[in-house]
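Visitor: I am new to this structure and would love a tour. Could you show it to me and let me ask as we go?

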Amino acid sequence: MTMSVPERKSGSEGKEEESEDESEILEESPCGRWQKRKEQVSQGNVPGVESASLAMDTEEGVEVVWNEVLFSDKKVFKAQEEKIKEMFENLMQVEHPNIVKFHKYWLDMKETQARVIFITEYMSSGSLKQFLKKTKKNHKSMNVKAWKRWCTQILSALNYLHSCDPPIIHGNLTCDTIFIQHNGLIKIGSVWHRLFVNVFPDASVHSKGRQHRDEQRNLHFFAPEYGAGEDDYSIDIFSFGICALEMAVLEIQANGDAAVSKEAIVNAGQSLEDPPMREFTQSCLRHDAKLRPTAHDLLFHRVLFEVHSLKLLAAHCLINNQYLLPENCVEEKTKSFDPNAVMAEIRHDDRPGVQLKYSHVSPLELDKFLEDVKNGIYPLMNFATSRPHPVPRALSLSQEQVETVKTPTPEPQETETRKVIQMHCNLESNEEGTKTHVSHTVLQLSLFLKMDDKLHRQLSCDIFPTDTPKDLASELVHYAFINEEDSEKVATFLEDSISRHRVRALAAGSNQ
């Protein structure tokens, strides 16, 4: 008898097997869109979250984070259920390029415990803390331009949160809850933490938040008055000041495993060679919370404030009105220009002038700049006012519950969170329409939408004489085809398109 000995798997085969094991689907959302995997991810030690796993968004084909919060006391959970729903519905409406996106949530009720599951954006490049550690190994100091750009983005997000009505206090801002992408885009996570603690202070998750606060390595991020009373924006400003200081010096040295001392913070601040930068960080770390500046004030500090270039202003204008322009309009426009043509000229009486030609501008660099502006790397926060932004009301759930066999607890009604960046339409008159009564003709509409994640959406319908553009846009929102914030924009676009079509139809009818 010959005995066969199984061959040992090679290193690559072992890795492949491990990878396949981690990609195994453990659970699916009630709608089937989100698929939880076995692989655990770290998104900054977010308090309250029992586990955070990598998941797949099967609709958009991107990786996301599947977060779970467990409640062992079901009675406490049931008593706070409506508050939980309202809080998470409001969090889904928070929309800012420098805040980690909150995609979806649902409740899962078991006999012995309850679960809140929510899906957030996956920050694959890691936390700011990880980036600073890597940078310290190769560089002695941080690039000042990058430091200013990061501070501006973080303050842009904080100003947005603090300007909401009522204000949203982060309460957990550290270098572990700030994430950086490869393109330099900064996003802050764990925005829900403070709201979560305030909604159900008696839940078991609250104690976990306190444990997180007591972690020695992050204790220095919290203001002296943290937890002593009703916190306001000043605790976030203190935390930001520590983050800004760590970004500048790369690391505030701690004494072994102990917490970072006040002396270490003072020494790190004094090590900054630039006096305005030193004053900037020290103003955030004032012991008296009332003396700390607001995020809006800091954006106007001499360290960060600058008069925006015409190029940046024009880029923001183009991005904000991109839906009115055809796709690839920038690329097509640059192709039509004569490279030797003069784009701008500065004339001097006493010396030769300066000419800027189209050949001096690289289309590739222009495309990258527009993409960075769109992603939020260069915000125009210097123009922001202190006028509060109202927090959108929680969306009311439909009375009709969608039946599902996957879970006894249905998800909240679907809403579209992506924004429309481009749109165009095609209108044709129904053959039954008359030439003499164009306004009474039934129109056939084909609407083409490009979403901010590059997804293309094509919709078709008949427009009857009684339909208004506003009604059509509202219907698109109701069926989750467009974001509610795009409703007015789409209605105006449809109104203009229908009016132009009817003018052309009347002109064509009069010529026949």
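Visitor: Let me start with helix H9. Which residues are exposed on the other side of H9?

Guide: Happy to help, and please keep in mind that this is a predicted model. H9 spans residues 262-270, and its buried residues are Ala264, Ile265, Ala268 and Gly269. These cover an arc of only 135° around the axis, which puts them on the same side of H9. Across from them, the exposed residues are Lys262 and Glu263.

Visitor: What covers the buried residues of H9?

Guide: Recall that the buried set is Ala264, Ile265, Ala268 and Gly269. Three of these, Ile265, Ala268 and Gly269, meet Ile242, Leu245 and Val249 in H8. The cover includes helix H8 (233-249) and helix H10 (275-284).

Visitor: Are H8 and H9 parallel or oblique to each other?

Guide: Two packed helices are described by the angle between their axes and the distance between the axes. Here the axes of H8 and H9 come within 10 Å and cross at roughly 60°. The crossing in which H8 passes H9 is left-handed. Angles from 35 to 65 degrees fall outside the parallel and perpendicular ranges, and H8 and H9 are therefore oblique.

Visitor: Now to the strands. Which strands stand at the edges of the sheet that has 6 strands?

Guide: The order in this open sheet is E1-E2-E3-E4-E6-E5, with antiparallel pairing. Each edge strand has a single partner, so one side of it is left without a neighbour in the sheet. The strands at the edges are E1 and E5 (102-109).

Visitor: By how much are neighbouring strands of this sheet turned against each other on average?

Guide: This is still the open sheet with the order E1-E2-E3-E4-E6-E5. With direction ignored, the average turn between neighbours is 30°.

Visitor: Which residue in the turn between E1 and E2 has a positive phi?

Guide: E1 (residues 25-28) and E2 (residues 34-40) run antiparallel and are joined by 3 bridges. Within that pairing, isoleucine 25 stands opposite arginine 37 in E2. The two strands form a hairpin with 5 residues between them, and the residue with a positive phi, about 85°, is glycine 32.

Visitor: What stands opposite glutamine 35 in E3?

Guide: E2 also pairs with E3 (residues 51-57), in the antiparallel sense and over 4 bridges. In E3, the residue opposite glutamine 35 is methionine 56.

Visitor: Which helix lies across E5 and E6?

Guide: E6 covers 114-121, and the helix in question spans residues 81-93. Running at about 160° to E5, this helix is H3.

Visitor: How many bridges pair E13 with E14?

Guide: These strands belong to an open sheet of 3 strands in the order E13-E14-E15, paired antiparallel. Its edge strands are E13 (420-429) and E15 (456-463), each pairing on one side only. Between E13 and E14 (residues 443-451), glutamine 422 stands opposite lysine 450. The number of bridges joining E13 and E14 is 9.

Visitor: Last one: is alanine 473 buried or exposed?

Guide: Alanine 473 lies in helix H15 (residues 469-478). Leaving aside residues up to four places away in sequence, alanine 473 touches Ile482, Ser487, Val490 and Ala491. The cut-off for buried is under 20% relative accessible area. Because its relative accessibility is 0%, alanine 473 counts as buried.

Note on methods:
Residues are numbered from 1 along each chain as its sequence is written. This is a predicted model: local features need pLDDT of at least 70, side-chain atom pairs count only at pLDDT 80 or more; totals for chains, interfaces and linings use all residues. Side-chain values use heavy atoms; hydrogens and water are left out. Buried means under 20% relative accessible area, exposed over 50%, partly exposed in between (1.4 Å probe, protein chains only). The arc is that of the directions from the helix axis to the C-beta atoms. Contact means heavy atoms within 4.5 Å. Two strands pair if DSSP finds at least two bridges between them. Axes are lines fitted to C-alpha atoms, for helices over the stretch in contact, and angles run from 0 to 180 degrees between N-to-C directions. Angles under 35 degrees count as roughly parallel, over 145 as roughly antiparallel, 65 to 115 as roughly perpendicular and the rest as oblique. A crossing is left-handed if the near helix is turned anticlockwise from the far one by less than a right angle, and right-handed if clockwise.
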